[in-house]
Amino acid sequence: MGPDDRPVVRRVVVAGAGMAGVQTAVALREQGFTGTVTVIGAEPHQPYDRPPLSKAVLLGTAEGSAFDVDFDALGIELVLGREVTGLRPADHALDTEAGPVPYDVLVVATGAEPVRLPGAEGVPGVHLLRTLDDAERLRPVLARQHDVVVVGAGWIGAEFATAAREAGCAVTVVEAADRPLAGALPPEVAAPMTAWYADAGADLRTHARVARVEPGTVLLDDGTRLPAGAVVVGIGARPATAWLAGSGVALGAHGEVVADSGLRTSVPDVYAVGDCASFPSARYGERLLVHHWDNALQGPRTVAANILGEATGEAPQVYDPVPYFWSEQFGRFVQYAGHHGAADATLWRGDPSGPAWTVCWLRETRLVALLAVGRPRDLAQGRRLIESGTPMNPTLLTDPARPLKKATTA
C-alpha cells in the first residue's frame, strides 16, 4: 500500500467513558490527532475515576472523582448516558440506543461489569460497588452503621470492609474459598492477610457459601443466618463485551476482546483497551487480561500512537507493560507489580506477620513479580528490575534491610 492509499482517519469514536476511554481520547490529542474524537459513555455522569469509589467517595470525604480533563479545550465530544448496543464493521457503524454512530476508527473501552450473586438480584439491600451511583447508594448504609455482610474477600471486598469498619459498621465477610484473594495470590502469600480482618474487627468466614439472600439476612449453606442491613457483593468482574455479539470481533474464554500486541482487534479499524481486552505479553510468554487502573492508563498511549501511525505508515507500537496495581485495606498499603504465574521461586523480605514485608517471585534468577505491603520503595525498585530483566542474587534479596536494587548479581 503506497502513502496515497492509506486510510484517512477523520473520526475516532471511543466506546466507554472510564479511565481507558478518556485516556485514549486525551492521548490522541496529545499525540497530535486533529480529527473528530467522540467518547460515548453509558452513565450520565461526567467521566470519573473508580479507585476513590471504595475509599473517599464511600466515606463522603471526596471532593469528587471526576477526571481533571477539559474536554472542551481538547475538542473531545462527550456523549453521556448512552448505551452502546452493537457494532457493524462492514458499515463502520457503532449502534447505540439512540441510533448509529459512524466511525473511521473505533476504540472499544467498555471495561468490565461486576459478577452478580445468583438469586440475589432484586432483593432489597443488595449492592454492587462498581459505579458512582453504587457508591452513593452505599454511603447512607455506612452512615447508619448497619450490620454489613460482604460476599467475597477479594480486593474490592477488603477495601469495602475497611471503609465499613472505619464508619463503625459491624462487618462479616464470607468467602467460598479457604482464604482471602484466592484467585489472585498463592495460599502462602494470602495466608498472612487473613489476620488483617480480625485485627480490624471484621469477621472473616472462609469456606462459606451463600445459599440465599433474604431481606435483612444472608443464609449460608451450613444453615448459618447472618443479619445483614446491607449485602455488598464483590465476587469478581467480567469484560463488558456482550454488545459485540455477532460483530466478528474475536472474544476470548473470559469474554474479553482478543487484541494483538498493538491492541488491535480481529476486525479492521477497531482497537480495544483496558479491562475489556487481553493482549499477548512477550515478557511473560502468555496472554494477559489485566483488570487494573494502571493498565487503563498505559494502554491508551499505545492505541493512540498506532491510530496515528497507521496514517503515516509507521511500524505499530507494541504493548507489553509490567502490570501494576495497589490496594489500601485495613490500614495497609498493598502494591503488586508483574505477573507471577510462571515463577519458579518465591522469596520473602521481612516477616509476614509484621506491618511491612515483600514477596518476590523469580524465574531463573530474574524478578518477574513482587507484592509489597507497606514497602513502596521495594515496589518502585522492583518494578524497574522486572522491566530490565536484571539477574538477582537470592541471598541478598531476602535481606529486608538491603535495597532491592542492591540485591542484583552485578
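In which strand is Pro102 found? Pro102 belongs to strand E6 (residues 99–102), where helices (H or I, at least four residues) and strands (E, at least two) are DSSP runs numbered from the N terminus.

The model is a predicted one, in which local features need pLDDT of at least 70 and side-chain atom pairs count only at pLDDT 80 or more, while totals for chains, interfaces and linings use all residues. Residues are numbered from 1 along each chain as its sequence is written, and side-chain values use heavy atoms, with hydrogens and water left out.

**Pro102 and its contacts**

Pro102 is partly exposed, with a relative accessible area of 48%; buried means under 20% relative accessible area, exposed over 50%, and partly exposed in between (1.4 Å probe, protein chains only). Leaving aside neighbours within four places in sequence, Pro102 is in contact (heavy atoms within 4.5 Å) with Arg11, Val13, His92 and Ala93. Pro102 and Leu397 lie 295 residues apart in sequence, and their C-alpha atoms are 55 Å apart in space.

**Helices H1 and H8**

Helix H1 covers residues 19–30. The expected span of a helix is 1.5 Å times one less than its number of residues. For the twelve residues of H1 this gives 16 Å, and the end C-alpha atoms are 16 Å apart, in agreement. Eleven of the twelve residues of H1 are buried, so the helix is largely enclosed by the rest of the structure. The buried residues of H1 include Met19, Gly21, Gln23, Thr24 and Arg29. Among the elements that cover the buried residues of H1 are strands E1 (11–15), E2 (36–40), E3 (76–79) and E7 (105–108), together with helices H3 (71–74) and H8 (293–312). Gly32, which follows H1, has a positive phi near 100°.

Helix H8 has 20 residues, for which a span of 28 Å is expected; its end C-alpha atoms are 30 Å apart, which agrees. H8 is mostly covered, with 14 of its 20 residues buried. Just after H8, Gly313 takes a positive phi of about 80°.

**Asp294 and the largest cavity**

Asp294 is found in helix H8 and counts as buried at 7% relative accessibility. Not counting residues up to four places away in sequence, Asp294 touches Tyr324 and Arg383.

Rolling a probe the size of a water molecule over the atoms shows where empty space is left. On a 1 Å grid over the protein atoms alone, a cavity is a set of points where a 1.4 Å probe fits but cannot get out, and a pocket is an open set with protein on both sides within 12 Å along at least five of seven lines; lining residues have an atom within 4 Å of a point. Grid points are joined across faces, edges and corners, and a volume is the space filled by probe spheres set on the points.

The structure holds three cavities of 30 Å³ or more, and the largest cavity contains about 50 Å³ of space. Asp294 and Tyr324 both line the largest cavity, along with Phe279, Val290, Asn295, Tyr319, Pro321, Val322 and Pro323. This lining divides into seven nonpolar residues, one polar and one charged. Here Ala, Val, Leu, Ile, Met, Phe, Trp, Tyr, Cys and Pro count as nonpolar, Asp, Glu, Lys and Arg as charged, and the others, Gly among them, as polar.

**The second largest pocket**

The second largest pocket holds about 220 Å³ of space. Of the 13 residues that line the second largest pocket, Arg283, Arg363, Arg366, Leu367 and Val368 are the closest to its centre. Strand E26 (366–373) and helix H9 (376–388) each supply at least two residues of this lining. By class, the lining of the second largest pocket has five nonpolar, three polar and five charged residues.

**Positive phi outside glycine**

Most residues other than glycine have a negative phi, and most peptide bonds are trans. Two residues with a positive phi that are not glycine are set out below.

| Residue | Phi | Loop | Relative accessible area |
|---|---|---|---|
| Gln145 | about 55° | between helix H4 (132–143) and strand E10 (148–151) | 47%, partly exposed |
| Thr365 | near 70° | between strand E25 (357–363) and E26 | 36%, partly exposed |

**Cysteines**

With a disulfide defined as a pair of cysteine sulfur atoms within 2.5 Å, the count comes to zero disulfides. Cys169 counts as buried at 1% relative accessibility, and Cys360 is buried with a relative accessible area of 0%.
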